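Thanks, everyone; I would like to walk you slowly through one sheet and the helices that pack around it. Please keep the picture in view while I talk.

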Amino acid sequence: MNKKDLTRRKFVSTVSAGTLGAVAFSGITSFGCSAAAGKLAVLGGTPVRQNKSWPEWPYVDEEILNSLMDTGKSGVWCRIQAGSRVPELEKRFAELEGAAKCVVVGSGTQALHTSLEALGIGAGDEVITSPLTDPGTIAAILSARALPVLADLDSESFQNDPDDIERKITENTRVIMPVHIAGTPCNLERIMQIAEKHNLIVIEDSCQGHMAEYKGKKLGTIGKLGCFSFQSSKTINCGEGGAIIGDDEELMDMCYTVQNHGTNRQGRTVTIGPKYRMNDLEAAILLGQLSGVGERFALRNENANYLTSRLKDVPGIVPQKQYEGTGKVPWYLYMMRYNKEHFNNVDRSVFVKAATAEGISIGPYLSQGLHREPWVDHILNLEVYKRFFSPERLRQYRDQLVLPKTDKATGEELLMIWSSGPFLGTKEDMDDIADAIIKVYENRDQLVNV
């Protein structure tokens, strides 16, 4: 992919993950890696990758800069001004994701919160979601003063286990909010069946899942509403921003009203709502990049598939499971499962240290599941939760925050490579990632000295 040199006008910071680099090594292994022989870089050997950079991120080109410049010069910077470009963005993003309607807001967290408020979810209601997600998912539920109920994970996909979702349903449950972690679809078929069986609403947290496909549909269009993030690390981004998509026109109008401090399109203030409006400068950045998102999406998929082909036979490194029906995905994160038994039982942290020294950026996603964060104690001591939930229910809630699969994933197994920018690189870049991992595996006996 050609990318114009924009050094004269870099107004955003770039992310260069692991800018150490590659040199030739002697010896060909059974994995087709010429870099596996020799001492590990962490012990003084030569890194697989050195003196190379990754594609710059956030992605910037002249089209984006011109769009931003035109909007800046126009003086129309707010969506309630005549001539705002925000409605144009909503139309185009809805088309991109295959939805009838879109409302954009200031973040993915705001999109999730707006969706809950538009559906009338509040104090006394329960929302089932994942403990492996950005804290914004939990924050959205707490902002509605609902109770975030956390279901454990499937160990191979790192997505919510549908069986545990069903076990966590109570008489107060109103919503299931599955998180498509890393941008890869969760087991939506089973989750939608559970929701229909128990008369529950599904709001898809697709904040990482731009343009992802599941059984012929785009993520965000399968549940009642779908929510996206445009935070700067995402594959479509404007620094901060978010979107809600859906096909129910009346509900989408309510989403607009909620995010517009409760004021509807006719200018009447009719409900409770925050002020979550996206501004035109953010919209301009997004509009300027939409023409190229398909090309970048395809390149990430090509590179991810190639990397998977290189890693598929490496013992102890298992790419994230994808459910039947999963099509192309954005590859916001490339997730793997680490099995230490194949690495002489060394902890994941040792593997990460060794692989990072070879010149790649790899590590865990969260240091622990969100069920182990202080917000739990905080809300259980708030009067609003004591008022709307019985002491018995709150005790049960705490007792149910035993999530062994989440603990194992976050504490021992889950590895990820942030890939929004790096996977816009070349096959040689993917070879560096694979060769670094293979080198650590082939020299795993050295890990005891790391």
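Let me begin with a term: a crossover is called right-handed if, with the strands pointing away from the viewer, the path from the first strand over the helix to the second runs clockwise. Helices (H or I, at least four residues) and strands (E, at least two) are DSSP runs, numbered from the N terminus. This is a predicted model, in which local features need pLDDT of at least 70 and side-chain atom pairs count only at pLDDT 80 or more, while totals for chains, interfaces and linings use all residues. Residues are numbered from 1 along each chain as its sequence is written, and side-chain values use heavy atoms, with hydrogens and water left out.

In that sense β4, α6 and β5 make a right-handed β-α-β unit. Helix α6, residues 188–197, lies across β4 and β5 (contact means heavy atoms within 4.5 Å) and runs at about 150° to β5; axes are lines fitted to C-alpha atoms, for helices over the stretch in contact, and angles run from 0 to 180 degrees between N-to-C directions.

Around this unit, 7 strands form an open sheet of mixed pairing, in the order β1-β9-β8-β5-β4-β2-β3, where two strands pair if DSSP finds at least two bridges between them. Because β1 (101–105) and β3 (147–150) stand at the edges, each with a single partner strand, one side of each is left without a neighbour in the sheet.

Turning to β4, this strand runs parallel to β2, joined by 3 bridges, and parallel to β5, joined by 2 bridges. V175 stands opposite V127 and also opposite I201 in β5.
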